[in-house]
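Got the viewer open? Load the model, switch to cartoon, and let's walk through it stop by stop.

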Amino acid sequence: MKTVYLSSAYLAPVEYYTKLYYADKVYVERFDHYMKQTYRNRCIIASPEGPLSLSIPTEKSTQTKILMKEVRVSDHGNWRHLHWNALETAYGNSPFFEYYADDFRPFYEKKHKYLYDYNIALCELICRLIDIDPEIEKTDEYKMNFADDEEDYRSIIHPKANYEEVDKSFHPLPYYQVFKEKFGFLPNLSIVDLLFNMGPESLFVLHGSYK
């Protein structure tokens, strides 16, 4: 039985979902200190102008360090509307955007108090749409030592990390992308890039991306 530890992530990259694909059990960390410029509050999609980063604003805290489970989503900048418009612009002409749009739209209409809960709810939806069924649990403490059948990817899957160097199990399998002729294949974008472009075949891409 394979157990994986992951950080919380907003519309996480394909690499993240390869772990959810092969793991029997997944713990999503909530006792780590929140850090900006990570996948905790941002994702990267393929826009008509190239890779585009979308970030969820969070409420400022009086504490210098705050646990991930305590981070609150801010309403600043009308971000839900902006993110949804960006997704429509990027994937409106993709094969499966219209098919899945009604599943995602409520996440950009309803307010969520905590970033961790928002990310978990989106992750559970995406797992269901891709047809993977990992057992996902929230951590009860910040774990430092791991057994042989446990893998820690909490700091490995990061926007600034080179997956080719830090994650030898991930080898992104190319798939159809709307702007592939313009930019070439863009690996390891948000899972929604894979889902909106490939639909039910996303499962096979995840399988082929894990070695």
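Start with the whole protein chain, coloured by burial if you can: buried residues make up 51% of its 211 residues. Keep in mind that this is a predicted model. Turn on the surface next, and you're looking at about 10700 Å² of exposed area, with carbon and sulfur atoms supplying 48% of it.

Back to cartoon, and count along: the protein chain has 8 helices and 6 strands. From the N terminus, the order reads β-α-β-β-β-α-α-α-β-β-α-α-α-α. The radius of gyration is 16 Å, close to the 17 Å that the globule rule gives for 211 residues, so the chain is as compact as a globular protein of that length. If you draw a box around the C-alpha atoms along the principal axes, expect roughly 45 × 40 × 30 Å. Now show contacts between residues at least 6 apart in sequence: 69% of them join residues at least 24 apart.

Next stop: select residues 25–29, which form strand β2. How many of its residues are buried? The count is 5 of 5, so to speak a full house. Show the side chains and look at each face in turn: Lys 25, Tyr 27 and Glu 29 sit on one side, Val 26 and Val 28 on the other, and all of these are buried.

What does β2 pair with? Add residues 3–7, strand β1: the two run parallel, joined by 5 bridges. Zoom in on Val 4 and you'll find it opposite Val 26 in β2. To follow the connection, select helix α1, residues 14–22; the chain passes through α1 on its way from β1 to β2, making a right-handed β-α-β crossover.

Then add residues 135–138, strand β5, which also runs parallel to β2, with 4 bridges between them. Here, look for Lys 25 standing opposite Glu 135 in β5.

Last stop: the cysteines. Select Cys 123 and Cys 127 and put a distance between their sulfurs. Why is there no bond here? The sulfur of Cys 127 is the closest cysteine sulfur to that of Cys 123, but at 4.2 Å it is too far for a bond. Looking from the other end, Cys 127 is in no disulfide either, with the sulfur of Cys 123 as its nearest cysteine sulfur. A search of the whole structure finds 0 disulfides. Are these two residues buried or exposed? Cys 123 is buried, with a relative accessible area of 7%, and Cys 127 is buried too, at 4%.

Technical notes
Residues are numbered from 1 along each chain as its sequence is written. This is a predicted model: local features need pLDDT of at least 70, side-chain atom pairs count only at pLDDT 80 or more; totals for chains, interfaces and linings use all residues. Side-chain values use heavy atoms; hydrogens and water are left out. Buried means under 20% relative accessible area, exposed over 50%, partly exposed in between (1.4 Å probe, protein chains only). Two strands pair if DSSP finds at least two bridges between them. A crossover is right-handed if, with the strands pointing away from the viewer, the path from the first strand over the helix to the second runs clockwise. The radius of gyration is taken over C-alpha atoms; the globule rule is 2.2 Å times the number of residues to the power 0.38. Contact means heavy atoms within 4.5 Å. Accessible areas come from the Shrake-Rupley method with a 1.4 Å probe; for residues, only the protein chains shown count as cover. A disulfide is a pair of cysteine sulfur atoms within 2.5 Å.
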